[in-house]
Amino acid sequence: MDPQLRSKLTRRPLAVAKAAIDELIDDDHGLTTLVFAYLVSAAWWLVFGTLVGLYLSLKFVWPELDGVSWLSFGRLRPIHTNTVFWGWSSHGMVGLAYYVVPRTCRRRLYSYRLGWVALGLMSASVLAGDLCLAAGISNGAQEYRELVWPVMLMFASGLALTLYNFYRTVVGRTTREIYISNWYVLGALIWTLTLITISYLPFYQRGFGETVIQGYYMHQGVGMWFTPMVLGLTYYFLPKFLNKPIYSYSLGVLAFWTQMFFYTMIGSHHFLYSPLPWWLQTVAILFSIGMIVPVVAGTANFLLTMRGSGHALRSSYAVPFLLVGVVYYFVGSMQGSFEALRSLNLLWHFSSYTVGHSHITMYGFVSFLIWGGAYGLLPRLSGREAPHLSIGIHFWLAFIGLMIYGVSLSVGGTLQGLSWKHGEPFQNSVVLMAPYWLWRAVGGTLMFGSHLLFGFNMWHMLPGRTPALPEPLTQEPARAI
Ligand code: HEM
Ligand code: HEM
């Protein structure tokens, strides 16, 4: 090898140097402890929930892996989905919101005690829910609402307390405007509480009534809880980490109202070609296409905010997570709008393609944005950073793992659907899927590895130990963003 090239290569660092966090904004230690408690809980549920997900993916490769009833696919699958929904994503988002809401209102949180009680209720419901599901106690085949009502009531009570706490904080704000993040956060909490009430009341849930509510529930869960909540947080974190205002406040408001208008009507796209009224299915398809408006508005707003910030992107370890989250928001949502078309839904509905879409959105979009917020905010609160290399490895394992996961299931799922459409024996599609399921397990292993690193990084960022930030620390005055 050319000696000049060799010396260049040997001098090349393993990772691009990232700037250290140089500010400490923990002006309210009680709040810092509360935010950390939510995030530590979220990290634990992420590791546990995705260990279950990984085990499930191995069952597609070795179906005879075990013969234990509580390890059966039917029990573990809802444990995985409910843990990552209510444990990981919900705890992560609510925890970050506990910082964002008072900060953007420029006042203290209304009540710390309510914040702790809400955390207790939410965590207890995830634990009780998992134990019930493992014991075979469930609400039946109701995807994402498998938790029996007393358990879900506990979770909803946690959200209700959070809503009250945030509402009182926003009411007592010292700013004139309600910052856009709070529109999304309060909206998401109100919609989700409405959603849980509607979908757990039994009176009208007979026959098709139940099917309509199930479609409504499934999509409102992802569309009116995770999506607005995490978008609201990004409206705070992105400008904060880039140190510049959001590109357009009005575009954010447009995305908010169109999201509310279109997203609430698309639930029936989960049951196309079912005996539900044809017009109801058509409305769901039209509104799924209409979703392009808020998605393009939101994505454009974030990307235009990032424009010209190449330096921040290279030197920050939090912003790349946000960039990936925003791009996957666009990719996953566009994928969803197309999947809602009758011709394509016929191909993809029962196939693994939909599982790929779920992970591209819930993982690529929601989880990456939570990580971006956590990595940018927590060191600023505790004064302790995680090793940059380990954050970098987390990023790449999660990113490459998800690429493998998403591509293998999108390609495999399409071939699977085509095989069914051509009327081939079902067995053919199983044989065809074998390599794609193996690749999913490979991607899942990388993703799970990244979650262990996230746990390790969380431990490094915990407060209460010697501050590791360089002196002098900039004590930032309280301001909206
Ligand atoms: C424009 C926005 C979106 C549209 C139009 C859309 C559309 C769809 C469609 C058509 C399906 C398949 C339904 C079926 O055949 O059963 C689906 C499934 C799913 N989507 Fe989306 N999607 C969108 C965005 C999102 C986002 C942002 C998330 C997550 C935050 C998400 C999470 C899911 C999940 C988890 C499923 C699987 C549901 C199941 O278990 O059956 N989607 N989506
Ligand atoms: C190590 C990472 C992960 C692995 C290996 C994994 C694996 C799996 C497996 C094997 C299934 C069952 C698929 C089926 O029924 O055919 C599944 C379902 C699901 N997982 Fe994961 N998962 C992981 C992470 C996550 C995360 C972090 C989230 C959300 C934040 C998530 C959300 C979901 C959802 C929504 C479903 C239902 C999919 C559907 O019905 O369309 N997963 N996962």
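This passage describes the surroundings of two ligands and the packing of one pair of helices in a predicted model.

Ligand 1 is surrounded by 26 residues, of which M291, S333, G336, S358 and T361 come nearest. Helix 7 (208-242), helix 12 (319-339) and helix 14 (352-382) are the elements that give two or more residues to this shell. The most, seven residues, is given by helix 14. Sorted by class, the shell around ligand 1 comprises 10 nonpolar, 14 polar and two charged residues.

Around ligand 2 there are 23 residues, and those that come nearest are T50, G53, L56, M362 and G444. At least two residues of this shell are supplied by each of helix 2 (29-61), helix 3 (73-105), helix 14 and helix 16 (426-461). Helix 14 accounts for the largest share, with nine residues. The class composition of the shell around ligand 2 is 10 nonpolar, 12 polar and one charged. Helix 14 thus gives the most to the shell around ligand 1 and the largest share to the shell around ligand 2.

Helix 5 (residues 149-171) packs with helix 6 (residues 180-200) at an angle of about 150°, and the two axes are 10 Å apart. Because angles over 145 degrees count as roughly antiparallel, helix 5 is described as roughly antiparallel to helix 6. The crossing of these two helices is left-handed. Residues of helix 5 that make the contact include W149, M152, L159, F166 and Y167, and those of helix 6 include N182, L186, L193, I196 and Y200. By class, this contact of helix 5 with helix 6 has 16 nonpolar and three polar residues, and no charged residues.

Conventions. Residues numbered from 1 in each chain as written. Chains lettered and ligands numbered in written order. Predicted model: local features only at pLDDT ≥ 70, side-chain atom pairs only at ≥ 80, totals over all residues. Near = placed C-beta within 6 Å. Helix = DSSP H or I, 4+ residues; strand = E, 2+ residues; numbered from the N terminus. Nonpolar A, V, L, I, M, F, W, Y, C, P; charged D, E, K, R; others polar. Axes fitted to C-alpha atoms, helices over the stretch in contact; angles between N-to-C directions. Parallel < 35°, antiparallel > 145°, perpendicular 65-115°, else oblique. Left-handed = near helix turned anticlockwise from the far one by under 90°. Contact = placed C-beta atoms within 7 Å.
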